[in-house]
Every structure is written in structure tokens, then in C-alpha cells.
Amino acid sequence: MPAEMTVHAKLTDIANNLWWSWQPEVDDIFRRIDPARYMELSHNPVQLLKEYPPDKLEKRCREEVLHSKINWAFRRFKEYLASRDTWGDTHAGLLNFRPVAYFSAEFGIHESLRVYSGGLGVLAGDHLKSASDLGVPLVGIGLFYHEGYFSQSIDENGWQQETYTEVDPETMPLKVLKGPDGKEIVISVETRHEKIHARIMHIMVGRIRLYLLDANIPQNSNEIRSLTARLYGGDQRTRIRQEMLLGIGGVRALEAIGINPRVIHMNEGHSAFAGLEVIRHRMHKDGMTFDNALRETAASGVFTTHTPVAAGHDRFDGGLIDEHLGPMGDALGLDHHGLMALGRVDPQNHHETFCMTVLAFKTSRRANAVSNLHGVVSRKMWACLWPWRSEEEIPIGHITNGVHVNSWLATQMRVIYDRVLPAEWFLKTGQPEVWAGFEQVTPGELWETHQALKARLIVYTRNRLMKQAARKNASDSEIADLSELMDPQALTIGFARRFAPYKRADLILHDAKRLARIAHDANRPVQFIFCGKAHPADEIGKSILQKIVKLSETDEFRGKIAFLEDYDINFTRHLVQGVDVWLNNPRRPLEASGTSGQKVVLNGGLNFSVLDGWWAEAYDEMNGFAIGDGHIHANDEIQDQRDAESLIDVLENQIVKIFYERDTDDLPQSWITRMKHSVKTLGWRYNADRMVMDYVTGTYIPAAGGESAEMRMMP
């Protein structure tokens, strides 16, 4: 009979699989071992356990009476991994033989694994988590960034400063893959002048395997070793090399591991070179011509485009393509113009640059935008690729983004869900009938739960502000004043976005005097929490950020506007779980989808947004608030003015009014009705389980040749 595993061994086993990151009860076990240190370590249990050897951990677990909780968590973890009674077993069994390979430049799974920058990465992380919960056969492919994305600080002038800190892979739940000979498995990608080598690092996300390529190895020159240092860092030369490693290197890594994917899913154009490597492989292994290999590869390709902004689509000039893709072109039997043609809208236009998005469209037969409106915009944007089709016939559909419920739902709210929704509701979040029971929540219970979450957010905000002030050498009295800043009872509005100009973070400041009057109303106060990062090269975005920071420091808005620096997943969790209202005001139609507001929905907050992205298809007048009427003026300045006026009018005359209408028990009954309606009608539609199920049935199974019936109309 095998010996019983020690507490340390059980927790180490759990910590080495990111499954724990969406299990609040398990996360709480690690937290209770050493709350202060766990927070300092960005909630990284692997690093925490390295500081607690078995004897020390055993003592601490006895003090906290954790043994039964640990045994329960360990059994649940093993049962989760062993279960074969999943949605995927029924609906995606075809993929067990050859899985989906999901390529993404970033994965936002947890704050301790800093290989993400924002929404695209968090979406990819949620995709993996839901694929795991649903039992969908899928593997993830990405890059391991030793310095991740930058940490943000705001200087005395309100200007964003960026710093990078190297991460030690030994403190992560990462394993370097080795061959039978015990040596690291290393793949390589050729350029005209040198090879780029990379080792393969492996991390488990529940049932899903995520492989991250790392170029920081001795086989490379110093320049190449720094290739995977920073996410979205460096110049065009760095970018094309990163994307070669992700796409071409990613396919070669799968081959080295022994995985032959049935479907290649490219999450944005960064990984489009993957299609070229698949084509090369089919030509070399199966003796196909280039045209036949392209046709076969495209038939099993899925491409998700995320941006309607032209600048968001990577383009490279002919010199960079020849230097880096030349060997690939040779292997494909293509000369320079033939290779460039794959990334050009007009193959005959020798002045056109090489676009990764164009390549992705040409190497996949199934392409989708990430919301209904984004689908319309994408078909219009890329109609040039199919000039013989009408705009309505352009082969770009849409699968609206969703968020992973267990990752973003507050523990306090989950108590309510468990009481009013069916048993094991969390296994069926994509089914609308599961959410109908939310109407049974009593108003007082929902409101008090929300108030507790908001109070936690206010405390968190104060602590962040105090740390920011201390870093700037503020006096003790100034720091002490911040400990009482902001009002837990006031209407609290959150704004957290990348500070790109089109997201218009400063739109609400168009009429600062009126805003100040609304915010300072003695009986109906309003306060705002802003956060977000501007790209290091985006000077306009940084100036918008500076404008808000400076305004928050004025007497007029002190305590009414707070800017919190260094936004990350942990910060997101506090914000989306605690705000009353989530503000989103991009210039329509430039928001592809947006998912932060969906996280707010789960926790009872209401959305206040321009009718763009997911909100354009979700808003029904009773589940939140709208800015504007969805019409777009040809002049951006006029459009901005219209939206600014609508924003302030709706805030003052609808949101503030309804929020502060109270009954004799001090409950805002009309507001609570909207909260309940929002959760019931939006929770099932805008979650990642529904999204992944849509990908499986709408793209993966068809791309894998698994449809049982399909009828084509005669021309």
C-alpha cells in the first residue's frame, strides 16, 4: 500500500497546475498559510511553498486547521483531472485523436504568470480555462517572456514610467520538456543569416497543456536570447522574429513533442506564420504541391481577428520578409514576390507591405470577429480580399467573446449563486435556463453582498493610493489623509482600459465643471476609479493618462477621481467585483468586443457604455445604460462632443437618480431590479463556456471534418 502523501506534496501537486487559480476555496488555503507573504508574491503558491519546507508547512497547517481542507482540495483536483464525463466528451470527441492547437502571443491566466498585457491575453486565458472545464481537447502555444509586460508607475508630473523585472522560471509552475536522453528539447527556425533556437516550457491549465517557447538559451546569440524578454517590446525586427518563433516554431514544437493537431486556431494575426509551416510540412511529408497543401491547410485553419483599428494589424516590408522568411519561401518553392503575395491584399502590388492578418485569412477557411458589430466592421474592412463578393457575403463570421465565470465571480456572490441556481450550475453556465433562478435572489441579500464587495474595493483603493504616495515620498499626514479618501456609500464608477486614444478615457471630462457639480452633490455623491496602461510608444495615450492623473490631484476632484497605477489581473478582480457602474466609451465602432464589462455583470454591477462591441448586441434598456444611440457621425470631433453630452446627461438624469432612489429600508429597488435582470439575461450569453462551445460547434468540428450533415445549395 503506497505511503500517504505529505501535505507539502499534495499542495505542490496542486500548485503546479493553474487549476487552483479559478478555485477560490483552494486559493484560500494558500492565502491562509501566510497572508502577507502570499500577497507580496503576487499570489504565487509555487514560490510560497519553496519558502515553506515540509516541517514548517506541517506546523503552519496544524495552526490553521487546514488538513481536512487540503485533503478535500486534493481529492477534488484529482477527480477533476480524471473525469471523462464532460461536455467535450460528448460534443468534441473527434478531437481526442488530434487536438486543436490554440496559438496566442499572450495568455492572461493569473497575475503570477506575467505573459500577458491586457484584454487579448486575458481572453486567451479564459479560453483555456473554459476548454479545460468543458473537456475540449486543446493545447495552447505561446512564448515565455522573461520580463513580461512592463510595470507602470506615475511620476510627480503625472507621466507614465515603465520598468521591467526579470522573472525566474524556477518560481513558476513551469517544466522544461526533455527528450528520452534527458536533454532539453530544442527547436529552431531559420532566417537568411542565423537560426533562432528555443526550448519548450510546459504548464498545465487544468486539463489543458500550454506550451511556451523560450529563446533565452545558450545556443542563441545575445541578441536572439533577448527575443523573448518582453511582450510587445522592441522594433519591427524583434516583432517579426517573435512571430516567426510563435507560428513556425510553435508548429515545430508540437511536432517535436509528438502532437499532430487537427485544427490550427490563430488568436489574432501574430501567429499567422503557423500556416506556412503546416504547408511546408505537408509538401515535405506528403508530397503535395504548394497549392494543394495551402488548400488542405486552410481547410483546417481557424482565425480570430480582434481589432478594427488599422494600426493593430502587423505589417512588414519586403526586406524584413526576405531576411526572415526567405528560407521558408525557398522550402515552399516561392520566389520573393510569391512569398510577399501571401501577405498582400493585391498580390500584384509590389509596393504593398506584408500583412499578418491577410496571411491569416488566406491560410484559414473559417474566420471570425469577436462580436456581431465587429463582424460587420471586419467584413467591410477586409472586403478587398474578396472583390467578387458583396459585403454581406464576405466569409467572416463572429463569435462574441465571453469571460470565465469561476475566475471573475466574487466568492461572496458565489454564495448567492449556489443558493438560487441549480446544483452544479457552474458546469452549465452556457445554458440560459440555468440562470433563470437569479430572479429569486432577495433584494436585501443582493444589495448587502454588493455593498460588502464595494467596501472591500474602497479599502483596496485607499491602500493602493497610500503606497503610491509613499513611493513619491509624501508626508505622513498626506498618507494618513488617503486612508479616509473615497466614500463606500457613494455611487462608484470604474474605468479600466488600455489608454489608447480611441478608447477616450477623458471623454467624461469634456464638461469638467458639470462633472464636479455632480460628483460633489452632498446627497448624491459620485466617485470614479481610473486605471490602465498606455503603450510605451503611445505619447498621445500617455498624455490622456496624465490629464486624468493631474485632475485627480486638484482640490476640485480630490477624493472624487482616483487613478491607480500598474493595473493587472488581481486589480481587475477587485475592480469588476466592487464597482456599481462600469464605464466604457470608445469611439464606435472601434471596440471589437470588450470583456471587462462582462466580468462586472457577474458580480451585479451595471454597464454604462457606448453601443459598441458586445454591448451593442446586449443592451436592452433594463440591463444597464447606453451612451448615444448607436449612430456614427462622419466627423470624429462632432461624434466625441455628442457622446460626451450623452454620457453626462445619462449619468446625471438616469444613473444617479435611479441609484439614489431608496425605499424605507434604504434599498434602491429599481436599481436592484436592473442588477438581477442584467445577471439573468447576460450571464449565460457572455461567458467563456458559451464562447468555447460556439468555437467547437461552429469552427473546430467543421474544420476537423466532423460534421455529420451539411447540404450545399446548387449555384
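**Exercise 1. A buried acid**

In which helix does Asp 689 lie? Then work out its surroundings and its charge pairing in this predicted model.

*Solution.*
Step 1: place the residue. Asp 689 lies in helix H29, which spans residues 688-703.
Step 2: look for a charged partner. Asp 689 is buried yet has no salt bridge. The nearest side chain of opposite charge is Arg 207, 9.6 Å away. A salt bridge needs nitrogen and oxygen within 4 Å, so Arg 207 does not qualify.
Step 3: look for a polar partner. The side chains of Asp 689 and Thr 429 share a polar contact of 3.0 Å.
Step 4: list the contacts, leaving aside neighbours within four places in sequence. Asp 689 touches Ser 130, Leu 134, Phe 426, Thr 429 and Gly 430.

**Exercise 2. The six-stranded sheet**

Give the strand order of the open sheet that six strands form. Which strands stand at the edges?

*Solution.*
Step 1: read off the order. It is E17-E16-E15-E18-E19-E20, with parallel pairing.
Step 2: find the edges. Strand E17 (561-564) and strand E20 (624-627) each have a single partner strand, so one side of each is left without a neighbour in the sheet.
Step 3: add the twist. From one strand to the next, it averages 20°.
Step 4: examine one pair. Strand E16 (residues 526-531) and E17 pair in the parallel sense over four bridges. Ile 529 stands opposite Ala 562 of E17.
Step 5: add the helix. H27 (residues 636-659) packs on the sheet. Helix H27 touches strands E15 (491-496), E16, E18 (581-584), E19 (606-610) and E20. The directions of H27 and E20 make about 160°.

**Exercise 3. The faces of an edge strand**

Are the faces of E17 covered or uncovered? Name the residues on each.

*Solution.*
Step 1: take one side. Ile 561 and Phe 563 are there, and both are buried.
Step 2: take the other side. Ala 562 and Leu 564 are there, and they are buried too. Both faces of E17 are therefore covered, with buried meaning under 20% relative accessible area.
Step 3: tie one residue to a bridge. Ile 561 is the bridge partner of Phe 528.

**Exercise 4. Salt bridges along the chain**

How many salt bridges does the count come to? Then sort three of them by where their partners lie.

*Solution.*
Step 1: state the total. The count comes to 44 salt bridges. Side chains of opposite charge can pair when their charged atoms come close.
Step 2: take a pair that links distant parts of the chain. Lys 78 bridges to Asp 13, with the closest N and O atoms 2.8 Å apart. Lys 78 is in helix H6 (residues 67-82) and Asp 13 in helix H1 (residues 7-15), 65 residues apart. Lys 78 is partly exposed at 36% relative accessibility. Asp 13 is partly exposed as well, at 28%.
Step 3: take a pair within one helix. Arg 31 and Asp 27 meet in a salt bridge of 2.7 Å, N to O. They are four residues apart in helix H2 (residues 24-33), so about one helical turn separates them. Arg 31 is partly exposed at 31%, whereas Asp 27 is buried at 14%.
Step 4: take another pair within a helix. Asp 286 and Arg 282 form a salt bridge, the closest N and O atoms being 2.7 Å apart. Both lie in helix H11 (residues 273-286), four residues apart, about one turn. Asp 286 is partly exposed at 46%. Arg 282 is partly exposed at 24%.
Step 5: look for shared partners. Glu 194, Glu 223, Arg 237, Arg 241 and Glu 323 are joined into one network by salt bridges that share partners.

**Exercise 5. A hairpin**

How many residues lie between E3 and E4 in their hairpin? Describe the pairing and the turn.

*Solution.*
Step 1: define the strands. E3 covers residues 151-154 and E4 covers residues 160-163.
Step 2: state the pairing. The two strands pair in the antiparallel sense over four bridges. Ile 154 stands opposite Gln 160 in E4.
Step 3: inspect the turn. Five residues lie between the strands. Gly 158 in the turn has a positive phi of about 80°.

**Exercise 6. A glycine in a loop**

Is Gly 108 buried or exposed? Locate this residue and list what it touches.

*Solution.*
Step 1: locate Gly 108. The residue sits in the loop between strand E1 (100-103) and helix H8 (119-134).
Step 2: check accessibility. Gly 108 has a relative accessible area of 1%, so it is buried.
Step 3: list the contacts, not counting residues up to four places away in sequence. Gly 108 touches Tyr 116, Gly 121, Val 122, Gly 125 and Ile 569.
Step 4: add one distance. The C-alpha atoms of Gly 108 and Met 283 are separated by 35 Å. Along the chain, Gly 108 and Met 283 are 175 residues apart.

Methods: Residues are numbered from 1 along each chain as its sequence is written. This is a predicted model: local features need pLDDT of at least 70, side-chain atom pairs count only at pLDDT 80 or more; totals for chains, interfaces and linings use all residues. Side-chain values use heavy atoms; hydrogens and water are left out. Buried means under 20% relative accessible area, exposed over 50%, partly exposed in between (1.4 Å probe, protein chains only). Lys and Arg count as positive and Asp and Glu as negative; His and the chain ends are not counted. A polar contact is a pair of N or O atoms within 3.5 Å; within protein, one must be able to donate a hydrogen and the other to accept it, and residues adjacent in sequence count only if both atoms are side-chain atoms. Contact means heavy atoms within 4.5 Å. Two strands pair if DSSP finds at least two bridges between them. Axes are lines fitted to C-alpha atoms, for helices over the stretch in contact, and angles run from 0 to 180 degrees between N-to-C directions.
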